[in-house]
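User: I would love a close look at one part of this protein. Could you walk me through the stretch that leads into the last helix, and tell me what surrounds it?

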Amino acid sequence: MAGTKLVAYADDLLIAVIGDSVPAVENYANAEMSKIDEFSRRNKIKFKDKKSKMMLVTRRKRRENKNITIYLHFQPLEKVTQLKYLGIILDNKFKFQEHITYVQRRHSTLTYVRRPGME
């Protein structure tokens, strides 16, 4: 099973690549990035290399080389284990623990807790 899904919202773009193996995902992702690079050149759109990141998401227990390199404008993208997309912190295992912690912290700082007996 292989495929690519593009999700765009305003000026944010997420590219999800699915493959049978990590090397297959690397090949599909680089092919898609080449298409995006060509499209951006034709349409005079510039993607910021520093803002662009890549994250390998897998739950496989199998020992395979997970060291992949994805390129944009012939520059390797920074590999991260978590990223924020549309306000949601995604991690490379889709466990969402960091996002839950972030929301709890934000909630506690934004919420006024009224204690009984305090007027």
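Analyst: Happy to. One point to keep in mind is that this is a predicted model. Of the protein's 119 residues, 24% count as buried. The accessible surface comes to about 9,600 Å², and carbon and sulfur atoms account for 56% of that area.

Some orientation will help before we zoom in. The protein has two helices and eight strands, and along the sequence they follow the pattern β-β-α-β-β-β-β-β-β-α. Among contacts between residues at least 6 apart in sequence, 49% join residues at least 24 apart.

Now to the part you asked about. The loop between strand S8 (88–91) and H2 holds Phe96, and Lys93 lies in that loop too. Helix H2 itself covers residues 97–110.

Let us begin with Lys93. This residue counts as partly exposed because its relative accessibility is 36%, which falls between the 20% and 50% limits. Setting aside neighbours within four places in sequence, Lys93 is in contact with Thr58 and Arg59. Its C-alpha atom is also 9.0 Å from that of Gln82, a residue 11 places away in sequence. Please keep Gln82 in mind, as the name returns below.

Next come the aromatic rings. A pair of aromatic rings is described by the distance of the centres and the angle of the planes. How many aromatic pairs does a search of the whole structure find? The search finds one. Phe94 and Phe96 make up this pair, with 6.0 Å from centre to centre and 10 degrees between the planes, and the arrangement is stacked. The pair is called stacked because planes under 30 degrees apart fall in that class. Are these two residues buried or exposed? Neither label fits: Phe94 is partly exposed at 40% relative accessible area, and Phe96 is partly exposed at 31%.

Phe96 has a backbone feature to look at as well. Its phi is near 65 degrees, a positive value in a residue other than glycine. Another positive phi turns up at His73, where the value is near 55 degrees, again in a residue other than glycine. His73 sits in the loop between strand S4 (71–72) and strand S5 (75–76). With 17% relative accessibility, His73 counts as buried, because the limit for that label is under 20%.

His73 also gives us a link to the other helix. Ser40 is found in helix H1, and leaving aside neighbours within four places in sequence, Ser40 is in contact with Ile45, Phe47 and His73. Ser40 is buried, with a relative accessible area of 1%.

Back to the last helix, where two residues show what lies around H2. Glu98 has its place in this helix and is partly exposed, at 33% relative accessible area. Not counting residues up to four places away in sequence, Glu98 touches Gln82, Ile89 and Arg105. Here is Gln82 again: Glu98 and Gln82 are 16 residues apart in sequence, with 8.7 Å between their C-alpha atoms.

Tyr102 also lies in helix H2, and its relative accessibility of 26% makes it partly exposed. Beyond its neighbours within four places in sequence, Tyr102 is in contact with Lys84 and Ile89. Ile89 therefore appears in the contact lists of both Glu98 and Tyr102, since contact here means heavy atoms within 4.5 Å. The C-alpha atom of Tyr102 is separated by 9.4 Å from that of Ile88, which is 14 residues away along the chain.

One more feature rounds out the setting. The largest pocket has a volume of about 1,300 Å³. Its lining counts 41 residues, and those closest to its centre are Leu13, Leu14, Ile15, Lys53 and Leu83. Strand S2 (12–18), helix H1 (22–42), strand S3 (53–54) and strand S7 (82–85) each supply at least two lining residues. The largest share, seven residues, comes from S2. By class, the lining has 28 nonpolar, four polar and nine charged residues.

The pocket also takes us back to your stretch. Strand S7 (82–85) is among the suppliers of its lining, while Glu98 touches Gln82 and Tyr102 is in contact with Lys84.

Terms used. Residues are numbered from 1 along each chain as its sequence is written. This is a predicted model: local features need pLDDT of at least 70, side-chain atom pairs count only at pLDDT 80 or more; totals for chains, interfaces and linings use all residues. Side-chain values use heavy atoms; hydrogens and water are left out. On a 1 Å grid over the protein atoms alone, a cavity is a set of points where a 1.4 Å probe fits but cannot get out, and a pocket is an open set with protein on both sides within 12 Å along at least five of seven lines; lining residues have an atom within 4 Å of a point. Grid points are joined across faces, edges and corners, and a volume is the space filled by probe spheres set on the points. Helices (H or I, at least four residues) and strands (E, at least two) are DSSP runs, numbered from the N terminus. Ala, Val, Leu, Ile, Met, Phe, Trp, Tyr, Cys and Pro count as nonpolar, Asp, Glu, Lys and Arg as charged, and the others, Gly among them, as polar. Rings of Phe, Tyr and Trp (its six-membered ring) pair if their centres lie within 6.5 Å; planes under 30 degrees apart count as stacked, over 60 as edge-to-face and the rest as tilted. Buried means under 20% relative accessible area, exposed over 50%, partly exposed in between (1.4 Å probe, protein chains only). Accessible areas come from the Shrake-Rupley method with a 1.4 Å probe; for residues, only the protein chains shown count as cover.
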